[in-house]
Amino acid sequence: MALTSASPIDLLPHAPDGVADNVLDVIGKTPLVRLHRFLDRRDIELYAKLEYLNPGGSMKDRPAARMLADAISSGQVGRGTLVVESSSGNMGIGLAQACRYHGLRFRCVIDRRTQEHNVKILRAYGAEVEVVEEPDPATGDLLTARLGRVREILATEPDVFWPNQYSNANNPLAHQLGTMSEIDDALSGRIDHVFVATSSTGTARGCAAHLRSRGRATSVVAVDAVGSVLFGGRPAERKISGLGAGIEPPLARNQRFSDLVRVSAVDCVVGCRRLIDREGILAGGSAGGVLHAVRHQAASMPSGSRCVAILADSGTRYLDSVYSDDWVEHELGVGPADLAALASAPDPTPTRLESVT
Ligand SMILES: Cc1ncc(COP(=O)(O)O)c(C=O)c1O
């Protein structure tokens, strides 16, 4: 449903069967890959869902495309609509991609912590980028300040649409009908645990909803950041982008998952470094946290357990942080030798994790 009908796209015949009709058609059906070496325990089956192979580079392509398609078909978005979202990373890029394809203006409200690399990607897609410099005076929080700026834009622009990933039901629905459904089908419903990073909680909620709808006994393990306020956590600085939240989003309210594990920034880095070392997979920071949580929980799993880890994005967005020894030493206080030792240490993990439930 391209809105770019100044272009002849809508008039052209659809692509033949088996060929994607447009870039948004390529979203989803990401590979599920067996990880043979990540865990020392070879009696546990571990699979990774490679969400970075979505065309915009992350699992956020799914909710971004779905929220927009729904708004277009319901008439909330038309040709002249400005789409606005607060995001410092993947959701902004997913929306920038979908808006570009539909020929819509997109403004992404970011803050000064947003990585330069992501800003360049947003601009390459033609997004307008607005940077919030100062935290909200009442809370000291930059996300609150970004959301405040979005509300100002809503109040002043005549034709504007805010997908609002933090409360939009199409966010979890995209993962219910897409991500988790694909995993469930690929493994014929036999999955003991699925490990999911949380921020808006759209992914974890969607996975839980799918599993409920199929009557599966699979446990959903929410992986949150130390310093995130989700699920009653205490606020503190977080250094891995995309993981955790500084304010509780409406989607997260009253959500309970089978288990909850909080990981530190060092845990995320260790998980990433071990993943690339043992499996040759370059994944983003939250994916490292998710896999670190698997390692932690695997210690108490019975032989033959089957686990799936959802890897949200690619390590190419973290070359100057998670994959930079200088950054890890400077920001997290762990030198290269200690980091290598942590990443190659035998299971169970040497770092302490807080298992909350
Ligand atoms: C890299 C990364 N991991 C995990 C998440 C959390 O996903 P969700 O918002 O669906 O909880 C996000 C969300 O932006 C993310 O960008």
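In the predicted model, Phe231 is situated in the loop that connects strand E8 (219-225) with strand E9 (259-263). The backbone of Phe231 adopts a phi near 55 degrees, a positive value in a residue other than glycine. Most residues other than glycine have a negative phi. A second non-glycine residue with positive phi is Asn164, for which the angle is near 50 degrees. Asn164 belongs to the loop between strand E6 (160-161) and helix H5 (170-186). With a relative accessible area of 15%, Asn164 falls under the 20% limit and is therefore classed as buried.

These two loops form part of a chain that contains 10 helices and 11 strands. The overall dimensions were examined next. Along the principal axes, the C-alpha atoms of the chain occupy a box of roughly 60 × 50 × 35 Å. The radius of gyration is 20 Å, which agrees with the value near 21 Å expected for a compact globule of 357 residues. Of these 357 residues, 58% are buried. Among contacts with a separation of 6 or more, 72% are made by residues 24 or more positions apart in the chain. The exposed area of the chain amounts to about 15,200 Å², of which carbon and sulfur atoms supply 50%.

Internal empty space was then considered. Rolling a probe the size of a water molecule over the atoms shows where empty space is left. A search of the whole structure returned 1 cavity of 30 Å³ or more. The volume of the largest cavity is about 30 Å³. Two elements, helix H2 (90-102) and strand E4 (105-111), give two or more residues each to the lining of the largest cavity. Helix H2 makes the greatest contribution to this lining, with 3 residues. The full set of lining residues comprises Ala96, Cys99, Arg100, Leu104, Arg105, Phe106, Tyr125, Gly126 and Ala127. By residue class, the lining of the largest cavity consists of 6 nonpolar, 1 polar and 2 charged residues. The charged residues of the lining are Arg100 and Arg105, and the polar residue is Gly126.

How values were computed: Residues are numbered from 1 along each chain as its sequence is written. This is a predicted model: local features need pLDDT of at least 70, side-chain atom pairs count only at pLDDT 80 or more; totals for chains, interfaces and linings use all residues. Side-chain values use heavy atoms; hydrogens and water are left out. On a 1 Å grid over the protein atoms alone, a cavity is a set of points where a 1.4 Å probe fits but cannot get out, and a pocket is an open set with protein on both sides within 12 Å along at least five of seven lines; lining residues have an atom within 4 Å of a point. Grid points are joined across faces, edges and corners, and a volume is the space filled by probe spheres set on the points. Helices (H or I, at least four residues) and strands (E, at least two) are DSSP runs, numbered from the N terminus. The radius of gyration is taken over C-alpha atoms; the globule rule is 2.2 Å times the number of residues to the power 0.38. Buried means under 20% relative accessible area, exposed over 50%, partly exposed in between (1.4 Å probe, protein chains only). Contact means heavy atoms within 4.5 Å. Accessible areas come from the Shrake-Rupley method with a 1.4 Å probe; for residues, only the protein chains shown count as cover.
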